[in-house]
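User: I am new to this structure. Could you show me how to read its features, step by step?

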Amino acid sequence: MKDGNDLSRKKTIWVTGAGSGIGAALVRSLVADGHFVIVSGRSRDALLEVQKPAPKLVRVLSCDVGDDASMASAGAALREITDQLDMVIACAGVCEYDDNLSLDVDSYRRVFDANFFGVVNTLREALPLLANAREPVFAAVGSLSSVVGFPRAEAYGASKAALQYFMDAVRADTSRLPLRTVLIRPGFIETPLTRENDFNMPFLMSPEDAADRILAGLKTRKAVIDFPRRLSWPLRLLGMLRPVWFGWCAPRMTRIKKLRRAG
Ligand SMILES: NC(=O)c1ccc[n+]([C@@H]2O[C@H](COP(=O)([O-])OP(=O)(O)OC[C@H]3O[C@@H](n4cnc5c(N)ncnc54)[C@H](OP(=O)(O)O)[C@@H]3O)[C@@H](O)[C@H]2O)c1
């Protein structure tokens, strides 16, 4: 019998970006609840660390979500582990800021490969297995940064905004099916991704708190899980009051004082 088909376990769940931060915290919580979790990321060593406390409930499946060939092999390996997936949480992601509006296309591609195409690849490999579950859930981790345009976040915020549209379109396309799609938009969480941030991060939360909010939200019928509310509400309001955001907030946040001149 495939490990993922063992009915003594509660649910079979695939988490990408599970080697650190929010993903690793989600896995710890899911395993504590008795679920069987397949963990993915590029660093096998990091995934093995996550597996250590619960080797029977965690299976390591290393892959690069942005690499189509790597994801095709991961999909084949996934089908060896299980015939069905009850839930997928596509959490893998990277952040690169565009300082000085340098518009370095390689950096934009790296960010889109992980944050946008990574989710497309994950859904493609997961969909036939989700189709075998009774109440399947596909959740992807976006960001509150997609609510308004943040300075330096041209690549990161755009990748998350693209993901948001993608998740809406998938939701529309599957609206007659049992598949539930959920977009998760966290605020600032203390993880390796934000470690280098040299600016004030309001309402910074621990990955454990983030995982609790996500798992509580996934138990409801919500299609979008935004948190913390004390950040998401003001941002959503500012997203509507665009003259205030661009006329008052943005000038206080941008670091660009002049453009590079030709010649
Ligand atoms: N931290 C925040 O404030 C915050 C806020 C909003 C949204 N988010 C989102 O939350 C998600 C998790 O981020 P985090 O904060 O927990 O940061 P993190 O600790 O850096 O986790 C990101 C994980 O994604 C994996 N990953 C990155 N690129 C990958 C790829 N191409 N293929 C497979 N795995 C890949 C990384 O592992 P490997 O390097 O080993 O592959 C890492 O374990 C991301 O999507 C991020 O954009 C974070």
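Analyst: What follows is a short tour of a predicted model. We take the cores, then a helix, then some backbone features.

User: Which residues have the most contacts inside the largest nonpolar core?

Analyst: In the general sense, a nonpolar core is a set of buried nonpolar residues joined through side-chain atoms within 4.5 Å. Here the largest one has 35 residues. V15, V27, V39, I89, I184, L218 and F227 have the most contacts inside it. Helix α1, residues 21–32, gives the most to this core: seven residues.

User: Is there another core, and which residues are among its members?

Analyst: Another core of 28 residues lies apart from the largest one. Its members include W14, L61, C63 and I81.

User: What is I89 in contact with, beyond its neighbours within four places in sequence?

Analyst: I89 is in contact with W14, V15 and T16. L26 and L30 are also in contact with I89. So are A139, V141, I184 and L218.

User: Now the helix. What span should α6 have, and how far apart are its end C-alpha atoms?

Analyst: Count 1.5 Å a residue. Helix α6 covers residues 207–218, twelve residues, so it should span 16 Å. Its end C-alpha atoms are 16 Å apart, which agrees.

User: Which residues of α6 are buried?

Analyst: First the general idea. An α-helix has 3.6 residues a turn, so residues three or four places apart point the same way. In α6 the buried residues are P207, A210, A211, I214, L215, G217 and L218. They are on the same side of α6, because they cover an arc of only 160° around the axis.

User: What do the buried residues of α6 pack against?

Analyst: They pack against helix α1 and the strands β4, β5, β6 and β7. Strand β6 covers 180–186.

User: Next, the backbone. Where does L101 lie, and what is its phi?

Analyst: L101 lies in the loop between β4 and α4. Its phi is positive, about 50°, although L101 is not a glycine. Check burial too: under 20% relative accessible area is buried, over 50% exposed. L101 has 31%, so it is partly exposed.

User: And R152: buried or exposed?

Analyst: R152 is buried, with a relative accessible area of 14%. Its phi is also positive, near 70°. R152 is found in the loop between β5 and α5.

User: Which peptide bond is cis?

Analyst: The bond from F227 to P228 is cis, with omega near -10°. P228 lies in the loop between β7, 224–227, and α7, 229–240. F227 also has a place in the list of residues with the most contacts inside the largest core.

Key: Residues are numbered from 1 along each chain as its sequence is written. This is a predicted model: local features need pLDDT of at least 70, side-chain atom pairs count only at pLDDT 80 or more; totals for chains, interfaces and linings use all residues. Side-chain values use heavy atoms; hydrogens and water are left out. Buried means under 20% relative accessible area, exposed over 50%, partly exposed in between (1.4 Å probe, protein chains only). Helices (H or I, at least four residues) and strands (E, at least two) are DSSP runs, numbered from the N terminus. Contact means heavy atoms within 4.5 Å. The expected span of a helix is 1.5 Å times one less than its number of residues. The arc is that of the directions from the helix axis to the C-beta atoms.
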